[in-house]
There are 2 protein chains.
Amino acid sequence: MEVTKDNFKEVLPSVLSAIENADFVAVDAEFTGLRHHGTSKYCELDTPEERYAKSRAAAQSFGMIQFGVTTFRYVKEKFAYSHATYCFYLLGKAGDILYYDNNSLKFLADNGFDFNKLFKSGLPYLSLAQEAEKRAEYKTQSLEPQMPSPIKVAEENARKFLKETEAKMDAFMVDESQDVLLLPGSNISSFFRKILYNNIAALYQNILVRCVTTDSERNIEIRKFESSASRIKFLEEEREQRLDEKMGFTHVIHKILETGTPIVGHNLILDLFHMIDKMVQPLPEQHEQFKNLVKCNIPTIYDTKLIAKDPPFCVDIPITSLGILYSDLCTKYSPPDFNVEDGYESYNIEDNSKAHDAGYDAFMTGVCFVTMVKKLDGIHWKNKSVIKSKHLAPYANRVNNMNSYDIPFLNLVGADEPMKLVWVNSTFLYVIPLDDIDNKACKQHLKTLHANCPPLVRIRLYGDTGSSKRKSVSDEVPPGVETCASRVQEFKRLKSIGSDQLSKMTLESPSAEEAPPIVSGDNGNVKEL
Amino acid sequence: MEVTKDNFKEVLPSVLSAIENADFVAVDAEFTGLRHHGTSKYCELDTPEERYAKSRAAAQSFGMIQFGVTTFRYVKEKFAYSHATYCFYLLGKAGDILYYDNNSLKFLADNGFDFNKLFKSGLPYLSLAQEAEKRAEYKTQSLEPQMPSPIKVAEENARKFLKETEAKMDAFMVDESQDVLLLPGSNISSFFRKILYNNIAALYQNILVRCVTTDSERNIEIRKFESSASRIKFLEEEREQRLDEKMGFTHVIHKILETGTPIVGHNLILDLFHMIDKMVQPLPEQHEQFKNLVKCNIPTIYDTKLIAKDPPFCVDIPITSLGILYSDLCTKYSPPDFNVEDGYESYNIEDNSKAHDAGYDAFMTGVCFVTMVKKLDGIHWKNKSVIKSKHLAPYANRVNNMNSYDIPFLNLVGADEPMKLVWVNSTFLYVIPLDDIDNKACKQHLKTLHANCPPLVRIRLYGDTGSSKRKSVSDEVPPGVETCASRVQEFKRLKSIGSDQLSKMTLESPSAEEAPPIVSGDNGNVKEL
């Protein structure tokens with residue numbers, strides 16, 4: 001279901017209850033641009049800190065204009081997943097100034113994105129940090145109106161106006177059926193307004209005289225209250241309601257965080273960074289601070305692209321872009337039944353015409369997730385929701401690190417791995433220590449890996465002289481890693497020169513190279529899925 | 001007529017000939033935002049240099065997404081103006097990254113702007129400076145293809161492919177009816193591509209082997225030429241054609257500059273700055289350099305808002321925003337006949353539902369211009385096109401300086417006036433010297449003013465002790481100018497504190513205060529017309 005400011009209020013309760021009942025939510029977002037050219041371009045040899053800084057700059061610069069949420073709930077009786085999809089159009093706070101990349105917007109428009117709907121009816125949002133600031137500000141503001149000081153009314157017309165208004169007010173003050181008196185702005189000159197604000201407001205107790213704009217007509221509204229306290233209560237409630245409206249879409253994100261519902265996305269680093277920066281709090285400058293922020297505030301994150309890059313999926317499905325992964329998983333593996341949640345809207349597994357709509361992409365992501373974890377769980381999949389699978393442990397809070405030569409994923413909460421994994425083929429995994437880590441830590445890590453891998457996978461520490469078979473796999477290993485582990489260090493030093501050459505090597509997984517992006521041209525501008 | 005990349009090629013000749021035959025063009029543009037908040041906000045006491053810097057920053061930051069041009073031509077036999085209107089959707093160079101203000105885009109969307117059309121089919125443009133750079137680059141580039149070095153073809157399939165392709169090529173080379181051989185990309189592996197680029201290309205003289213992408217299919221095209229020279233000629237022409245396509249909308253602006261057709265706009269400082277920055281050359285850092293640029297490259301500019309702020313119009317029409325000025329001029333004055341140019345499209349004077357469409361705004365601006373100058377010319381208006389009116393002299397190359405307390409206009413080519421003009425009422429003009437200018441220059445300026453003003457207007461130098469009537473007009477003059485001219489200097493010093501208080505004074509013209517902008521809210525984000 002598409003959600004704009006025209007139906008938000010009405011739809012919100014159902015969104016919140018769908019999240020409340022969900023095992024997990026799949027999400028996807030669309031942006032006004034991916035990253036700046038020049039220094040913000042991803043480099044294959046970015047350190048995690050550099051990659052953090054670049055992704056943070058992107059999230060702070062560009063707009064997030066659509067956010068898709070699909071809630072998934074396992075219905076054990078039917079061995080099926082119920083789901084509901086919402087696609088939110090996001091405009092942000094009035095007056096927000098952000099960047100747009102015309103390539104990105106053209107790409108979205110060509111894929112059917114409705115920009116007219118976005119700019120006419122997009123939802124507002126505020127970060128939770130901005131909300132807290134507002135509330136702190138409120139505490140310092142008095143809602144007690146200032147004492148009005150009457151002005152001199154000499155001119156004939158003005159005196160007549162004052163007198164007539166007094167008569168109206170006298171009647172209004174005793175009329176118990178009425179709380180509000182509305183004076184049409186078209187008959188009120190700016191001097192008459194002054195009379196209302198200063199003279200009328202001074203004459204009567206516990207009233208509120210103010211301008212309200214309706215259909216661009218600035219009318220004067222006069223409200224009466226039983227006491228000064230009830231006037232303040234009214235103003236407080238009104239202020240609260242306005243803040244609530246300004247929060248808009250943030251209510252949805254807040255619900256996900258509050259319930260701790262796990263979040264699944266496909267190659268979701270940017271989606272996550274935009275979501276945090278715009279709806280939680282500004283992304284901190286330091287990578288370590290960011291990890292703390294995620295650890296304390298964000299539910300567990302899973303990236304379907306990361307799962308898809310590991311065996312067994314990478315063997316059958318060499319291309320991990322969302323659309324291809326989705327259709328290949330649906331045909332080569334056996335997805336469970338998916339049913340649209342009763343009383344909700346979503347997609348069907350047969351739909352395939354809406355790619356790059358955030359709602360449909362969220363739906364596809366969730367289906368990929370369920371189908372892959374079902375496969376990993378084997379015959380036991382029926383017993384529980386996929387989100388409870390023990391096979392998910394190695395993927396928790398790790399997101400795919402795209403266009404990276406040597407770091408396949410970023411750890412969102414823990415320390416970055418001191419070693420990288422190289423799949424030589426689908427059952428043979430090399431572990432390459434990246435920095436000078438001691439042998440003990442290395443061995444410890446190998447144990448953890450063994451525990452997480454399917455039993456058939458062989459794991460070797462790269463450069464370990466005890467490792468057998470070094471010769472026999474040398475044909476499959478690219479030239480850069482021929483000699484010893486210390487050579488890996490040298491790659492880091494290659495940064496300044498010829499790092500583009502590295503793209504020809506495929507260290508990351510035993511899968512084939514990724515397909516080119518869906519549109520041709522500079523793929524720095526097209527969202528990689 | 002709306003112009004996008006879907007009809008640009010077809011429409012361009014008629015646009016160019018309409019400009020060629022026009023007496024003047026009226027223009028209007030729409031932007032993705034007006035200016036940044038904070039330091040870029042206009043201050044009422046900005047110096048011309050400060051205002052230049054702020055407007056320049058705005059033009060460099062935001063996108064120009066629509067440009068309307070109405071050509072006007074006086075047809076003396078009919079005492080009527082023929083006109084044609086084009087409304088161009090502008091997207092710019094692929095990958096341009098600019099700012100958008102969501103308030104501005106919401107305002108445009110609410111007024112019917114079609115953003116889907118913009119992002120799908122907006123026109124490209126390049127500045128003339130970028131075009132020149134490209135051409136200089138071309139001079140250093142060789143179009144002579146590199147000598148291919150054949151690769152070893154050992155594998156059975158590859159040898160078969162090479163052999164078959166050789167047979168095809170032999171037939172193609174002798175077939176006089178064919179210049180191009182197209183090999184479908186779907187059957188060609190990356191190794192086969194290498195065979196084509198290296199082995200086939202080396203086997204035949206004067207051919208061109210390259211990849212061409214059609215419907216996202218990367219096919220291989222092989223062209224043959226009579227000689228190496230004709231191959232280079234073909235590549236040169238193709239490169240020229242591509243550049244021509246990238247120039248897009250700039251061709252229209254180029255035509256206006258080339259023909260020296262006067263440009264009329266309403267409050268057009270931003271329109272002009274965007275146009276120069278995006279289609280001519282980057283706006284220079286220094287205000288003086290900018291004046292030189294305009295003097296050397298841009299035809300005469302007229303700003304209808306400036307004319308409307310002077311008598312007699314300011315007396316009858318206190319509000320100078322475009323829509324109100326247009327309808328008031330049409331009813332209170334007598335516009336001549338306006339006819340749509342034969343074979344062209346435009347608007348009629350009865351249409352009134354398309355405000356904030358750049359085409360319609362350009363049309364309204366032109367009608368306002370003609371109607372006002374006709375009035376100034378009195379009974380002689382029929383003799384010639386309004387663009388030749390001597391009454392235009394004081395307005396040439398001066399643009400309205402909006403939200404300024406003390407500088408009503410910016411001089412685009414000459415020195416900024418060392419004095420400001422204050423209309424006390426519609427026939428009484430005070431001249432206030434702004435800096436320490438000598439008496440002689442002051443008197444000289446007064447003479448010029450006298451010559452340009454209607455005969456009934458009295459002109460006085462402010463602070464001149466010889467000036468009579470100082471007392472009698474003091475009620476009409478706001479408090480700030482009571483004592484002497486040196487007081488004006490003090491306003492400049494007020495910049496840092498309380499300059500907002502100045503907005504309550506209406507020194508600029510005898511007209512009433514301007515109406516609030518058409519939409520409510522922070523008018524820093526809504527284009528003032």
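Tutor: The term pLDDT denotes the predictor's confidence in each residue, on a scale from 0 to 100. The structure is a predicted model, in which local features need pLDDT of at least 70, side-chain atom pairs count only at pLDDT 80 or more, and totals for chains, interfaces and linings use all residues. Residues are numbered from 1 along each chain as its sequence is written, while chains are lettered from A and ligands numbered from 1 in the order in which they are written.

Student: What pLDDT does chain A average?

Tutor: In chain A, 83% of the residues score at least 70. The average pLDDT of chain A is 84.

Student: Over which residues of chain A is the pLDDT below 50?

Tutor: Two residues are in contact if their C-beta atoms, placed from the backbone, lie within 7 Å. The stretch in question has 79 contacts in the model beyond near neighbours in sequence. Its pLDDT is below 50, and it covers residues 466–526.

Student: What ipTM does the predictor give the complex?

Tutor: The predictor reports two scores for the complex, of which the pTM is 0.81. The ipTM is 0.81.

Student: What relation superposes chain A on chain B?

Tutor: Two copies of a chain are related by a rotation about an axis and a shift along it. The copies are superposed by least squares on the C-alpha atoms of residues with pLDDT of at least 70 in both. Here a rotation of 180° with 0.1 Å of shift along its axis places chain A on chain B, with an RMSD of 0.1 Å. This is therefore the relation of a two-fold axis.

Student: Which residue of chain A comes closest to the rotation axis?

Tutor: The distance is taken at the C-alpha, and the closest approach in chain A is 2.1 Å. The residue is A:Tyr99.

Student: Why do the copies meet through the same surface?

Tutor: In the interface, 29 residues of chain A are in contact with 29 residues of chain B. The copies meet through the same surface because the share of the interface residues of chain A that are also interface residues in chain B is 100%.

Student: Which element gives the most to the side of chain A that touches chain B?

Tutor: Helices (H or I, at least four residues) and strands (E, at least two) are DSSP runs, numbered from the N terminus. Two or more residues each come from β5 (97–101), α3 (102–110) and α4 (115–121) of chain A. With six residues, the element that gives the most is α3(A).

Student: How many residues of the side of chain A that touches chain B are charged?

Tutor: Ala, Val, Leu, Ile, Met, Phe, Trp, Tyr, Cys and Pro count as nonpolar, Asp, Glu, Lys and Arg as charged, and the others, Gly among them, as polar. On this side of chain A, ten residues are nonpolar and twelve are polar. The charged residues number seven.

Student: How do helices α6(A) and α7(A) lie to each other?

Tutor: Axes are lines fitted to C-alpha atoms, for helices over the stretch in contact, and angles run from 0 to 180 degrees between N-to-C directions. The axes of α6 (residues 156–174) and α7 (residues 190–203) of chain A come within 10 Å and cross at roughly 45°. Angles under 35 degrees count as roughly parallel, over 145 as roughly antiparallel, 65 to 115 as roughly perpendicular and the rest as oblique. The crossing angle therefore makes the relation of α6(A) to α7(A) oblique.

Student: Is the crossing of α6(A) and α7(A) left-handed or right-handed?

Tutor: A crossing is left-handed if the near helix is turned anticlockwise from the far one by less than a right angle, and right-handed if clockwise. The way α6(A) passes α7(A) is right-handed.

Student: How many residues of the contact of α6(A) with α7(A) are nonpolar?

Tutor: Among the residues that make the contact are A:Phe161 and A:Leu162 of α6(A), and A:Phe192 and A:Ile195 of α7(A). Two residues of the contact are polar and one is charged. The nonpolar residues number ten.

Student: How do α1(B) and α9(B) lie to each other?

Tutor: Helix α1 (residues 8–21) and helix α9 (residues 250–259) of chain B have axes 10 Å apart and pack at an angle of about 20°. Residues that meet include B:Leu12 and B:Val15 in α1(B), with B:Val252 and B:Ile256 in α9(B). The two helices are therefore roughly parallel.

Student: Which residue does a cis peptide bond join to A:Pro311?

Tutor: The omega of this bond is about 0°. The residue joined to A:Pro311 is found in the loop between α12 (304–308) and α13 (313–316) of chain A. It is A:Pro312.
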